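Please read the following report with the sequence and the three-dimensional view side by side. It moves from a single strand to a helix, then to the contact between chains, and ends with some backbone details.

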Amino acid sequence: MIDVVMPQMGESIVEGTLTKWLKKPGERVERDEPLFEISTDKVDTEIPSPTSGTLSEIVVQEGQTVAINAVVGRISDGSAAAAPAPAQAAVPPAAPVAAPPAPAAAPDAPVAQAAQPAAPAAASAPAPEEAAGPLSPLVRKMARENNIDLSKVRGTGAGGRITKHDLEAHMAGAGAAAPAAAPTPAAIPVSGAPASLPPQAPPPPQPQAVATIPPQVEVPLPPREAREPAPMPGAAPALRVEPMSIMRQKIAEHMVFSKRTSAHVTTVHKVDMTKVARLRDRAKAAFQAQYGFGLTFLPFVVRAATAALRQYPIVNASIDGTNIIYHRDINIGIAVALDNGLIVPVIRNADEKNIVGLQRSIVDLAARARSRQLKPDEVTGGTFSITNFGSFGSIFATPVINQPQVAILGVGSVTKEPVVVDDAIAIRSTCYLALTFDHRLIDGALGDQFTAKVKSVLENWSEEL
Amino acid sequence: MGSRSISDPEGASPAPGAFCASQSAARVELRDLGRVPYAEAFAMQRELVERRKRGGIPDQLLIVEHLPVVTMGRNGHDANLLAAPELLERAGIAFHRTDRGGDVTFHGPGQIVGYPIFDLREWKRDVVAYVRGIEETIIQALGEFGIEGGREPGATGVWVQAPAGPAKIAAIGIHISRWVTSHGFALNVDTDLDYFRYIVPCGLTKPVTSMRALGSRARREEVVAALARAFGKVFQREVQAEELVMEKL
């Protein structure tokens, strides 16, 4: 069995993302035939197989990022005997992601040397093959040379397999010279290097993988379990590393870019939605029956926003250097939440649509956004955006501007509440509208005039549906 | 002139022009192919990579220009389901999946696309150093036209500082097989930047720019020459212009 490892693709590179297996498990691969592909930065690299054989196991799945020299898969050469591994496969396997890159992988030599005094106990060491799962030639060799009872080593590799790292951790934990007949660890007082070493034995150089154990300790150590380094085999990992999806990376980029670009200011107006709510309540059922979709508050807000954008065209503009670009068309982006991201499809010429047309567009764009069937020109060209966080229960928020636009309107949830009307307490449907605007272009007064216009249209709704 | 075809690049005719004075430096053959369909350039690269691996030819620097085409690297599938190929087609843009690093990009007229077929074993076995070298090449070439290119941490490519923040002027995407590189870079000279709209699924990328947009009136040939000079300097190679006849590929 030959380990296939993540190759070192350059000095500064400590990890790589396995992007594609070019062979399936069980498939035959020839030496030097491309076996998998990795990605580092903007470089995709085909990695040739280190040997001929059958790809017996895929340890690292496509999309996973692992450290240099981590075992990514195994190739069985068909013979049970540990054949001398070709040069590439001889690289020490299984450095976990957190480990330093290749040079840090401790060579066999020092470990073997430290263990020599224990050689007489060799007879009691069971054959390495008794351990669960196939072992790499390197692990077999290390176990043999160090007389390690592999049944006592906890494997952290794929399927509980024992890796070189496990052996090192085991040796460090047990004291390098503790063979099969190890004394009860809890009882060992330790001063200096592992106490069970015969005095004449040179203290073993600490392999880097277990460097968390201090080489000089003056006080008795707590029981072995308690002084094991944190990421010990078998322990549930405290961290999980998962690469961002491309969409997530783009959202992250865009959000930071927007924050860096615009001077974000948010103004919040409270709007009495009672009139709209009544209209909506009256029309909802008929709407569903006639058009096949419900009626929400959102198309009303879009409609009101287009009226305000007509009145204040600078809110429908963008900035190019020191120029202001005014857009003739009012194309409104509607933020749509996806499972793991968001997208902002655009209703073109939104001001030319009535409530039915707007609601139809919103339903259609949202559905196709979620099934990923939007066309490229349906997510570009927006001149203003609206985000409806109210649908998730938020009463108001401070949205981030969708560059290169200069403003975004956030709609809070519509709730009934007691308000004072003409010195009497009345029950009204209200919501908060939050306008985030780019203060480079839009001053506070204008931002408020714009929002007040939206509010006014909504509160004095006069259009038929 | 024009007698050396790609089918016989091993022949030894003197190069018509050299961009790097050093006699001892290894040679890179510069082949400016002009306008080449993407698929053709891709096939040509494959062929040259195989020859380079066998040691049959020296390092190559292919320079081409493509008709509008959107290409997607191996890692780009996720984001680009939005860029429905048939829609691109309607806009006159071809679509290709390809095997370079990076996700989606656009090539089109006005862009200098460089495909170095470069054996890293004879330079540095370091893919990141290579990418930085390509960036450096473009930065140096831009410098000849008074444009200050730079890098953005975590965002491979060459960037310039526009008033609204950094804008990308050159994209990079590399494929490596046995340390031999293919694909490479695309520098916007006077590309119609409107095309980039099609590869921005949610307006979620930084802006792109071109030398033209930054006020440069540099001609394509001048920029190619500057790139060749910079490539020679950065990678310590002697870059020699070669004629290439396309009949075979």
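In this predicted model, strand β1 of chain A, residues 2–5, is covered on both of its faces. I2(A) and V4(A) lie on one side, D3(A) and V5(A) lie on the other, and all of these residues are buried. The strand pairs with β8(A), residues 71–76, in the antiparallel sense, and four bridges join β1(A) and β8(A). Within this pairing, the residue of β8(A) that stands opposite V5(A) is V71(A).

The helix α5(A) covers residues 246–261, and its length can be checked against expectation. With 16 residues at 1.5 Å a residue, α5(A) should span 22 Å, and because its end C-alpha atoms are 22 Å apart, the two values agree. Which residues of α5(A) are buried? They are M247(A), K250(A), H254(A) and S258(A), and because they cover an arc of only 65° around the axis, they fall on the same side of α5(A). On the other side of this helix, A252(A), V256(A) and R260(A) are exposed. Among the parts of the chain that cover the buried residues of α5(A) is strand β14(A), residues 341–343.

The helix also takes part in the meeting of the two chains, where 41 residues of chain A are in contact with 42 residues of chain B. On the side of chain A that touches chain B, the elements that give two or more residues are β2(A) (15–21), β4(A) (34–40), β5(A) (43–48) and α5(A). Of these, α5(A) gives the most, with nine residues. Sorted by class, this side of chain A has 15 nonpolar, 14 polar and twelve charged residues. Strand pairing also crosses between the chains, since β5(A) is joined by four bridges to strand β10 of chain B, residues 165–177, and these two strands run parallel. One of the positions in this pairing is T45(A), whose bridge partner in β10(B) is I176(B).

Chain B itself has four helices and twelve strands. Of its 249 residues, 53% are buried. Among the contacts in chain B with a separation of 6 or more, 78% are between residues 24 or more positions apart.

Some backbone details of chain A deserve a closer look. Most residues other than glycine have a negative phi, and most peptide bonds are trans. The table lists two residues of chain A that are not glycine and yet have a positive phi.

| Residue | Phi | Loop in chain A |
|---|---|---|
| N69(A) | about 75° | between β7 (65–67) and β8 |
| D423(A) | about 60° | between β18 (415–421) and β19 (424–438) |

Is N69(A) buried or exposed? It has 24 other C-beta atoms within 10 Å, and because 20 or more make a residue buried, N69(A) counts as buried. D423(A), in contrast, has 5 other C-beta atoms within 10 Å, and because 12 or fewer make a residue exposed, D423(A) counts as exposed.

A further backbone detail concerns a proline: the peptide bond from Q403(A) to P404(A) is cis, with omega near 5°. P404(A) is found in the loop of chain A between β16 (384–387) and β17 (407–411).

Notes: Residues are numbered from 1 along each chain as its sequence is written. Chains are lettered from A and ligands numbered from 1 in the order in which they are written. This is a predicted model: local features need pLDDT of at least 70, side-chain atom pairs count only at pLDDT 80 or more; totals for chains, interfaces and linings use all residues. Two residues are in contact if their C-beta atoms, placed from the backbone, lie within 7 Å. Ala, Val, Leu, Ile, Met, Phe, Trp, Tyr, Cys and Pro count as nonpolar, Asp, Glu, Lys and Arg as charged, and the others, Gly among them, as polar. Two strands pair if DSSP finds at least two bridges between them. The expected span of a helix is 1.5 Å times one less than its number of residues. The arc is that of the directions from the helix axis to the C-beta atoms.
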